[in-house]
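Please open the structure in your viewer and keep the selection panel at hand. The stops below say what to select and what is there.

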Amino acid sequence: MKPPLSKHSIVFFQEKLLEWFKESGRSFPWRKKGLTQYQYIVAETLLQRTKAETIAKFYPQFIKDFPSWKALANTNLEKLETYLKPVGLYKQRSKRLVSLAQEMVKRKGRLPKERSELESIPFMGQYIANAVELIIFNQPSPLVDVNMSRVLERFFGPRKMADIRYDTYLQQLSYKIANHEQSKEINWAILDFAALVCRPKPLCFMCPVNRRCKNFISLSL
DNA sequence: ATCCCGTTAC
DNA sequence: GTAACTGGAT
């Protein structure tokens, strides 16, 4: 047995997934170039606990109707709830979006670069803070959600803690994976791979890294 | 560690 | 009917 966390296996994983992404990666409006900070952060907030395809249909119109932090900050909460009903979690989400927008208006649209200050912004948690570092600050950073965790755990071995955000093994592993010239593409590759191949019920037969995966045999029989 | 809280896919 | 979905706050 080879050591599961060897540099070699990490590079193997990165390269194979980047290759897979070029062929089979998904395309979403919030992955385009030239989005404003506002547009990107709103997308991340909408995506929480919701399928990306659902938000993809909804997002372009949302940006037209609420084009800026100011527009969103001045929106009536009940109207926003009605507006968000089709995508679910409308009470949470409207509250989050408005208070986030109001905070950003106070900050004149400027994001703090200090990590702890970034996470002090209401409803800007670990995930979105990582996404801001990755997409807006252009630094390598992992988008560690339940889906990325599932993929990494299957391939590299399971975590110990129940909560992804406090599991040091998973956190360190995900930073190693994301630490790459093409950090954005790696992250998107893993998210897409999680949604299309390494699903909760995995489709191992079409997996480009199945030969080295710890769960290949047990889960595909 | 626990609560929050909806649509969709299966 | 239930599990799943690009989590965050307390």
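This tour covers the DNA contact surface and then the interior of a predicted model.

**Stop 1: the surface around the DNA**

Select DNA strand B together with R49, K51, K85, P86, G88, L89, Y90, K91, Q92 and R199, the residues that surround the strand. Colour them by class: 5 are charged, 3 nonpolar and 2 polar. Which part of the strand does the protein meet, sugar or phosphate, or bases? Of the atoms of DNA strand B within 4 Å of the protein, 68% are in sugar or phosphate, and the rest are in bases.

**Stop 2: three polar contacts**

Zoom in on R49, where a polar backbone atom is 3.1 Å from a base nitrogen of DNA strand B. Next select K51: here a polar side-chain atom lies 3.4 Å from a sugar or linking oxygen of the strand. Then go to L89, which has a backbone N or O atom 2.9 Å from a sugar or linking oxygen of DNA strand B.

**Stop 3: the cavity**

Now hide the DNA and turn to the protein interior. The count is 1 cavity of 30 Å³ or more. The largest cavity has a volume of about 130 Å³, and 17 residues line it. To find its centre, select R154, C198, C204, C207 and C213, the lining residues nearest to that point. Two elements give two or more residues each to this lining, helix 9 (146-156) and helix 12 (216-220). Helix 9 gives the most, with 3 residues. By class, the lining holds 14 nonpolar residues, 2 polar and 1 charged.

Conventions. Residues are numbered from 1 along each chain as its sequence is written. Chains are lettered from A and ligands numbered from 1 in the order in which they are written. This is a predicted model: local features need pLDDT of at least 70, side-chain atom pairs count only at pLDDT 80 or more; totals for chains, interfaces and linings use all residues. Side-chain values use heavy atoms; hydrogens and water are left out. On a 1 Å grid over the protein atoms alone, a cavity is a set of points where a 1.4 Å probe fits but cannot get out, and a pocket is an open set with protein on both sides within 12 Å along at least five of seven lines; lining residues have an atom within 4 Å of a point. Grid points are joined across faces, edges and corners, and a volume is the space filled by probe spheres set on the points. Helices (H or I, at least four residues) and strands (E, at least two) are DSSP runs, numbered from the N terminus. Ala, Val, Leu, Ile, Met, Phe, Trp, Tyr, Cys and Pro count as nonpolar, Asp, Glu, Lys and Arg as charged, and the others, Gly among them, as polar. A residue is near a molecule or strand if one of its heavy atoms lies within 4 Å of it. A polar contact is a pair of N or O atoms within 3.5 Å; within protein, one must be able to donate a hydrogen and the other to accept it, and residues adjacent in sequence count only if both atoms are side-chain atoms.
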